[in-house]
Amino acid sequence: MDIKKILSESTSILGVSGQEECVGAYFAEQFRPYVDEVTVDSLFNVIAHRKGTGPKVMLCAHLDEIALMVTHIEDDGSVRFSGVGGVDPRILPGSRVWVHGRNGKLFGTIGALPPHLMSAEDRANNYKMENLHIDLGMSAESVKAQVRVGDLVTFNTTLTELANGQVSGKSIDDRGCIAIMLRAAERLTRMQCDADVYFVCTTQEEVGSQGARTAAFRIAPDLAVVLDVDHASTPGSPADATVPLDAPCITHGPYIQPKLCKRLLDCAKAHHVKVNSFVSNRATATDVDDVNVTRGGVPCVLISLPLKYMHTSVETISMDTLEEAARLVAHFVSELDASWEDEMWI
């Protein structure tokens, strides 16, 4: 398995919240060699099932990416837009984008009024989304013939290799974590594993975790392992809100089952997987928050992939950390048997 190639291909595929069909179809094919069956539900969740006789385990990471959506076309052909998910308008000026029109993708750039033409007061403030526009270099007539209100806009960025095993690109949140699940699924084909495992590529996480909620209700797992990204350390970042890039992160907090978390930490220690720790004293802002309270409740743990520059077109991770996270997930799942909850509730 060429996991870097898979990450590169998957991050280039359209998969905006609520419209994850294309990227879901891609990952469905990637999982098929390593599981017994793959299904896609009505919300485009991809559910890859490796059958077993042990506890029912749900692993999940989300498919969807942040993006933009066309809201209006000006008389000069400029395209106005709003965000889908958490898009920071400060990163947008100068961005290259794809507008997904009725006849295919159109290349555009995001422009803004230059500071030379602004008042001193305007120059002192950050750009707002309503002040930005996409320039397609086309007449208004041509734009309106190919672009409609509601069309999607995604970043035009390819995965780029940096030094020391790091890569940078868009949508690594959270397709990097789906890559972790895929690598873990491959590893489990060579390991003894009694667990009944569901690898779930969830949808609509960036707008409320609807996919995780419905998938967990359908599967009714005994326990869940959720994978998402976390903020990696950068110059000037607060130490208590970030983690180093060099190791996967295990979260502690009220939404995390403490004894299951201890089992995960013990597993990491036993297999010499370096991990970082993070405290989330309330909700985690991941699929954990919805899986945890599905049906009668699902004990959860959260493994995070440290990522720099979250929700930008240059999200950056360490491929070594991705591989180590997959190794931890595979060992943790393979060691779950019928006795897994003997001490859970005492």
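Let's start with Ser 95. Where is Ser 95? It sits in the loop between strand E5, residues 79–84, and strand E6, residues 96–101. Keep in mind that this is a predicted model.

Is Ser 95 buried or exposed? Its relative accessible area is 9%. The cut-off for buried is under 20%, so Ser 95 counts as buried.

What does its side chain reach? Take Leu 92: the side chain of Ser 95 comes to the backbone oxygen of Leu 92 at 2.9 Å. Then take Ile 91. Its backbone oxygen is 3.3 Å from a polar atom of the Ser 95 side chain. Now skip the neighbours within four places in sequence. Ser 95 then touches Gly 108, Thr 109, Ile 110 and Phe 155.

Next, the cores. Nonpolar side chains tend to be buried together in soluble globular proteins. The largest nonpolar core here has 80 residues. Which members touch the most other members? Phe 31 and Phe 199. Which helix gives the most to this core? Helix H5, residues 172–188, with 10 residues. Another core lies apart from it, with 20 residues. Phe 81, Leu 92, Val 97 and Val 147 are among them. You have met Leu 92 already, as a partner of the Ser 95 side chain.

Back to Phe 199. Again, leave out neighbours within four places in sequence. Phe 199 is in contact with Phe 31, Val 35, Val 46, Ile 47, Ala 48 and Arg 50. The list goes on with Leu 59, Met 181, Ala 185 and Leu 188.

Now Phe 31. It belongs to helix H2, residues 21–31, and it is buried. The other buried residues of H2 are Val 23, Gly 24, Tyr 26, Phe 27 and Ala 28. What do the buried residues of H2 pack against? Two helices: H1, residues 3–11, and H5. And three strands: E1 at 37–40, E2 at 46–50, and E12 at 196–202.

Last stop, Arg 263. You will find Arg 263 in helix H7, residues 258–270. How far is it from Phe 31? Their C-alpha atoms are separated by 27 Å, and the two residues are 232 residues apart along the chain. Arg 263 has 26% relative accessibility, so it counts as partly exposed.

Which residues does Arg 263 touch, beyond four places in sequence? Phe 332, Glu 335, Leu 336 and Trp 340. Look closely at Glu 335. Its backbone oxygen lies 2.8 Å from a polar atom of the Arg 263 side chain.

Notes:
Residues numbered from 1 in each chain as written. Predicted model: local features only at pLDDT ≥ 70, side-chain atom pairs only at ≥ 80, totals over all residues. Heavy atoms only, no water. Core = buried A, V, L, I, M, F, W, Y, C linked by side-chain atoms within 4.5 Å. Buried < 20%, exposed > 50% of the residue type's maximum accessible area, 1.4 Å probe, protein only. Helix = DSSP H or I, 4+ residues; strand = E, 2+ residues; numbered from the N terminus. Contact = heavy atoms within 4.5 Å. Polar contact = N/O pair within 3.5 Å; in protein donor to acceptor, adjacent residues only side chain to side chain.
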